[in-house]
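Here are some short exercises to help you find your way around a new structure. Try each task yourself before reading its solution.

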Amino acid sequence: MPKWEIVIDIDALADIEASVEWYNMQSSGLGKRFGKQISQQINSLKTNPEAYGVRYLNVRCMLVKKFPFMVHFTIENNTINIFAVFHTSRNPMIWTKRKDGD
């Protein structure tokens, strides 16, 4: 079983921080719950990231439980590269420039 390393792009971190702030404005503590859920699920990718199918352009997506967000990532060798975390209503193709720009 390979050992997986997780690398979170600065843009993905900004996505998470902005969403935490937005949820905190909606309800006290909700942003903290969102952040905790994201953290747990990202860490769970180390178990078997290949369980998530390719959705577009070699990008895999993991739906965040209890929140309408998806974690978008690629796998290269033993590295899980997370490049976006955004609302499911958004078109994922707007982030192809972000992914290709790395």
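Let us begin with one pair of residues: in strand 4, L63 has M70 as its bridge partner. Keep in mind that the model is predicted.

**Exercise 1. Follow the chain.**
Task: List the helices and strands in the order in which the chain runs through them.

Solution:
- Step 1. Count the elements: there are three helices and five strands.
- Step 2. Put them in sequence order, which gives β-α-α-β-β-β-β-α.
- Step 3. Look at how the chain is packed overall. Of its 102 residues, 41% count as buried.
- Step 4. Turn to the contacts with a separation of 6 or more: residues 24 or more positions apart account for 48% of them.

**Exercise 2. Build the sheet.**
Task: Work out how the five strands are ordered in the sheet, and find the strands at its edges.

Solution:
- Step 1. Start with strand 2 and strand 3, which pair in the antiparallel sense over two bridges. Here Y56 has V59 in strand 3 as its bridge partner, and V54 stands opposite R60 in strand 3.
- Step 2. Check the turn. These two strands form a hairpin with two residues between them, and L57 in the turn has a positive phi of about 40 degrees.
- Step 3. Move on to strand 3 and strand 4, which run antiparallel and are joined by four bridges. Their hairpin has five residues between the strands, and K66 takes a positive phi near 75 degrees there.
- Step 4. Put the whole sheet together: it is open, its order is 1-5-4-3-2, and its pairing is mixed.
- Step 5. Read off the edges. Strand 1 and strand 2 each have a single partner strand, so one side of each is left without a neighbour in the sheet.
- Step 6. Add the twist, which averages 45 degrees from one strand to the next.

**Exercise 3. Place the helices on the sheet.**
Task: Find which strands helix 1 and helix 2 lie across.

Solution:
- Step 1. Helix 1 lies across strand 1, strand 4 and strand 5, and runs at about 35 degrees to strand 5.
- Step 2. Helix 2 lies across strand 1, strand 3, strand 4 and strand 5, and runs at about 135 degrees to strand 3.
- Step 3. Now look at strand 3 itself. Four of its five residues are buried, so strand 3 is largely enclosed by the rest of the structure.

**Exercise 4. Explore the cores.**
Task: Name the residues with the most contacts inside the largest nonpolar core.

Solution:
- Step 1. Recall a general point: in soluble globular proteins, nonpolar side chains tend to be buried together.
- Step 2. The largest nonpolar core here has 20 residues, and I38, V71, F73, I82 and V85 have the most contacts inside it.
- Step 3. Ask where these core residues come from: helix 1, helix 2, strand 4 and strand 5 each supply at least two.
- Step 4. Zoom in on V71. Leaving out residues up to four places away in sequence, V71 touches several residues, among them I38, I42, C61, I82 and V85.
- Step 5. Look for another core. A second, separate one has seven residues, including Y56, F83, A84 and F86.

**Exercise 5. Sort the aromatic pairs.**
Task: Classify the pair of Y23 and F34, then the pair of Y52 and F73.

Solution:
- Step 1. The whole structure contains seven aromatic pairs.
- Step 2. Y23 and F34 are 5.1 Å apart centre to centre with 40 degrees between the planes, and this pair is tilted.
- Step 3. Locate both rings: Y23 lies in helix 1 and F34 in helix 2, so the pair ties together parts that are eleven residues apart in sequence. Both Y23 and F34 are buried.
- Step 4. For Y52 and F73, the ring centres are 6.2 Å apart and the planes stand at 80 degrees, so this pair is edge-to-face.
- Step 5. Locate these two as well. Y52 is in the loop between helix 2 and strand 2, F73 is in strand 4, and they are 21 residues apart.
- Step 6. Compare with the surface: Y52 has 27% relative accessibility and counts as partly exposed, whereas F73 has 0% and counts as buried.
- Step 7. Finish with the cluster, in which ring pairs link W22, Y23, F34, F67 and F69.

Notes. Residues are numbered from 1 along each chain as its sequence is written. This is a predicted model: local features need pLDDT of at least 70, side-chain atom pairs count only at pLDDT 80 or more; totals for chains, interfaces and linings use all residues. Side-chain values use heavy atoms; hydrogens and water are left out. Buried means under 20% relative accessible area, exposed over 50%, partly exposed in between (1.4 Å probe, protein chains only). Contact means heavy atoms within 4.5 Å. Rings of Phe, Tyr and Trp (its six-membered ring) pair if their centres lie within 6.5 Å; planes under 30 degrees apart count as stacked, over 60 as edge-to-face and the rest as tilted. Two strands pair if DSSP finds at least two bridges between them. Axes are lines fitted to C-alpha atoms, for helices over the stretch in contact, and angles run from 0 to 180 degrees between N-to-C directions. A nonpolar core is a set of buried Ala, Val, Leu, Ile, Met, Phe, Trp, Tyr and Cys residues joined through side-chain atoms within 4.5 Å.
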